2 protein chains.
Amino acid sequence: MLKMMNDNSSKPRPRGPKPVRIDPSQLLDAAQRVFARDGVDGGSVRAIAREAKCDPSLLYYHFENKEAIFVAILEQKFNRFIPDLENISRAYSAHNTRGARQGAKGTRPINEFGRTPLQEAFWQMIKTFRKNIQNDASFRGMMRNSVATNHSFAQNKVMNYVLRVIQIVQKLLSDGMESGELRGDINLYITTFFFLRTCVEILDFFPVLNATLISMPLEEAIDLAEKQWFRLFWRGIANDSNPDEESL
Amino acid sequence: MLKMMNDNSSKPRPRGPKPVRIDPSQLLDAAQRVFARDGVDGGSVRAIAREAKCDPSLLYYHFENKEAIFVAILEQKFNRFIPDLENISRAYSAHNTRGARQGAKGTRPINEFGRTPLQEAFWQMIKTFRKNIQNDASFRGMMRNSVATNHSFAQNKVMNYVLRVIQIVQKLLSDGMESGELRGDINLYITTFFFLRTCVEILDFFPVLNATLISMPLEEAIDLAEKQWFRLFWRGIANDSNPDEESL
DNA sequence: TTCATAATTCAACGTATGTTGAAAATGATG
DNA sequence: CATCATTTTCAACATACGTTGAATTATGAA
């Protein structure tokens, strides 16, 4: 009966274009925030629309479906920070071959922070990870669930990107082994895994741990954790017990 | 019109009790399998019922709601393996105080596998984790999501159990530092975190990694990863670079 | 045999989800 | 001013979910 009372105060918003257009990247941003809060499966299209202050249908105007939204976020993110990682790797390679040409076998030139070039490369990677994914729990959550649960949609897409990151770190380790700076008895795949997962895990779990256990400012806690991790990792992979303990 | 055609061949099963009763633990097992496959949020009550070959309502006869099912699994699991961890810790404490009374400061008695008591304790913990949660991706998935996403239901329950595990490992590290066997410059909380998370992560991600990268039998790959992890970890925390490299 | 109780299923509820087809408003172009 | 493509919303669809109340059957005690 009282189906329509259009003189009502509240809802029937006009249809056509808004005064300021909503550009797709805003939708992606909203989607990212929602996925961060509710996970990829739990975050609904309606919630994304609510976050972007638009109708759910608009998402289907700009993207094919929910999966396409997910993939779009993914690609944007990886394409932003994979080049950074590649640059770090390239920088070390350049230095390393140059060093080898000069006949420096032990490769122990030290930079202004007291780190060897290889140490510096790993440290830069840690920092790159943090810069790119610290404020993006959604991204980490997507990765976590997509890789660990074998049925999540778009897993192939995810795995392709993950493999590229893995290869970059592997090359670094492999170069380090060849130059003699790293132990010869570490498994490349497995060590890469330790490095990468821990870098990400620190960002994932320290907010929680910090809240319940440690009580220092979060940024400080993550700083500390990264340093401790790098030292532990480096001691684990370095060839000789070098005395530059306090190099960080 | 043709709403009811009860002379149909298929579905209208009799109601009352079944010839063999379904005991609640079977429901929990089914729930575990479903959660493993689909996650805690994604795994539906209906799917659990399907897995247990019963009606969804039966789950509400035995448990209050979905969360209660989750919590029941959780408690059963933790109550099974936390005592194991405590025993390991106790065993080391006993040895350590005995050793201290004998005035052995460096504490380098070696067991039949060439490990110091502290090494042995950590190694046993790794093995305990594996024994208890390797075949339980559901459990690990529940933990991962419950701890990392701050809104998951029953997070307090989860955190209580996690904290107990954390404290056990922390005590081990702390004892080791006191006896001088471990470095004095490692942060207890953070190092505990590295140890625990990696133990779990190996079980989570190696099936995936192994399928796409490494190609060896899964058990073998996990064996190798655990050994490599323990060596890397130990080198990272041990006080002096001891020469028992091949002790595993 | 009768009767209470425990175990099980049926049918439905309200709500949320991903998605779609059509309608409407805007801005630009003729 | 008319037309048209673009952008936005509306209303609905089919399906799935967690949950509940009533109905049904089997079992064991009285």
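Do the copies meet through the same surface or through different ones, judging by the interface residues of chain A and chain B? The same surface: 100% of the interface residues of chain A are also interface residues in chain B. This is a predicted model.

**Symmetry**

A turn of 180° with a shift of 0.0 Å along the axis lays chain A on chain B. The RMSD of that fit is 0.1 Å. The relation is therefore that of a two-fold axis.

**Interface**

In the contact between the chains, 37 residues of chain A meet 37 residues of chain B. On the chain A side, the elements that give two or more residues are α6 (137-148), α7 (155-178), α8 and α9. The largest share comes from α8(A), with 13 residues. The table splits the chain A side by class.

| Class on the side of chain A that touches chain B | Count |
|---|---|
| Nonpolar | 19 residues |
| Polar | twelve residues |
| Charged | six residues |

**Helix α9 of chain B**

Helix α9 of chain B covers residues 218-237. Its 20 residues should span 28 Å at 1.5 Å a residue. The end C-alpha atoms are 28 Å apart, so the expected span and the model agree.

Buried residues of α9(B) include the aromatics B:Trp229, B:Phe230, B:Phe233 and B:Trp234. B:Glu226 and B:Arg235 are also buried. So are B:Ala221, B:Ala225, B:Gln228, B:Leu232, B:Gly236 and B:Ile237.

What covers these buried residues? From chain A, the cover includes α8 (188-212) and α9 (218-237). From chain B, it includes α5 (117-133) and α8 (188-212).

How values were computed. Residues are numbered from 1 along each chain as its sequence is written. Chains are lettered from A and ligands numbered from 1 in the order in which they are written. This is a predicted model: local features need pLDDT of at least 70, side-chain atom pairs count only at pLDDT 80 or more; totals for chains, interfaces and linings use all residues. Helices (H or I, at least four residues) and strands (E, at least two) are DSSP runs, numbered from the N terminus. The expected span of a helix is 1.5 Å times one less than its number of residues. A residue is buried if 20 or more other C-beta atoms lie within 10 Å of its own, exposed if 12 or fewer, and partly exposed in between; C-beta atoms are placed from the backbone. Two residues are in contact if their C-beta atoms, placed from the backbone, lie within 7 Å. Ala, Val, Leu, Ile, Met, Phe, Trp, Tyr, Cys and Pro count as nonpolar, Asp, Glu, Lys and Arg as charged, and the others, Gly among them, as polar. Copies are superposed by least squares on the C-alpha atoms of residues with pLDDT of at least 70 in both.
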